[in-house]
Amino acid sequence: MNHINSGLKDLIQILDEITKYGLEANLALVNKEEDLERFLVALYAQYFTIQFKFDDQDYADFDRSMFPNVVENVKKNFPDFGWYHSILNCYEILQDAEIGAGDAIDDLSDIIYDVLEIKWRLEHNSLADGLWFFEFIFNSHTQQHIIDLLNYLKAKNG
């Protein structure tokens, strides 16, 4: 039981560290991008340790409108974040590869909204529901935003 509590405590700390960039404007931190990158990688690693028993209870839905300033706060915390190119179907070597566009502000904002919902479900629904949602949303949405944002940060900062 101690291992579960310790793991959950670590997860909640990671969630809090990521969400601060969407909940607070103009954070005065040294090396914000490095701090963010560290916690994105930590969140990614948490995905591989999640274990839950499905909770089929019917709960209230998360309401994103409780957090109206996430995108604006992300813009204020990372004013130099912007658009980037990505290669679609990067696993295929093509002479004329299809290029897409991404937005680092959108990536981080979506990650924060996903993380806020994970935390909300853990606190308001159940441990099982929160962990189930983490696994579900990570695999279907968050993971790609993390990969894209980390790639953007690497390309931007060398």
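**Close-ups of a predicted model**

The structure holds 15 aromatic pairs, and these come from a predicted model.

**View A. Tyr84 meets Tyr152 ring to ring.** The two form a tilted aromatic pair, with 5.4 Å from centre to centre and 45° between the planes. Tyr84 sits in strand β1 and Tyr152 in helix α5, so this pair ties together parts 68 residues apart in sequence. At 12% relative accessibility, Tyr84 counts as buried; Tyr152 is buried too, with a relative accessible area of 9%. Zoom out a little and ring pairs link Tyr21, Phe78, Phe81, Tyr84 and Tyr152 into a cluster.

**View B. Phe133 and Phe136 pair up within helix α5.** Their rings are tilted as well, at 6.3 Å centre to centre and 45° between the planes. They are 3 residues apart, about one turn of the helix. Phe133 is buried, at 5% relative accessible area, whereas Phe136 is partly exposed, at 42%.

**View C. Here is the second largest pocket, with about 230 Å³ of space.** Its lining includes Tyr84, His85, Cys90, Gln144 and Asn151. Strand β1 (83–87) and helix α5 (127–157) each supply at least two of the lining residues. By type, the lining splits into 5 nonpolar, 5 polar and 1 charged.

**View D. Lys20 of helix α1 is tucked in as a buried residue.** Its relative accessibility is 14%, under the 20% cut-off, so Lys20 counts as buried. Among its contacts are Leu27, Asp35 and Asn77.

**View E. Helix α3 (residues 70–77) has Val70, Asn73, Val74 and Asn77 buried.** Looking down the axis of α3, these buried residues fall within an arc of 100°, so they line one face of the helix.

Conventions. Residues numbered from 1 in each chain as written. Predicted model: local features only at pLDDT ≥ 70, side-chain atom pairs only at ≥ 80, totals over all residues. Heavy atoms only, no water. Helix = DSSP H or I, 4+ residues; strand = E, 2+ residues; numbered from the N terminus. Buried < 20%, exposed > 50% of the residue type's maximum accessible area, 1.4 Å probe, protein only. Contact = heavy atoms within 4.5 Å. Arc of directions from axis to C-beta. 1 Å grid on protein atoms, 1.4 Å probe; cavity = no way out; pocket = protein on both sides within 12 Å on 5 of 7 lines; lining within 4 Å. Points joined across faces, edges and corners; volume = space filled by probe spheres on them. Nonpolar A, V, L, I, M, F, W, Y, C, P; charged D, E, K, R; others polar. Phe/Tyr/Trp six-rings, centres within 6.5 Å; stacked < 30°, edge-to-face > 60°. Lists of a residue's contacts leave out its neighbours within four places in sequence.
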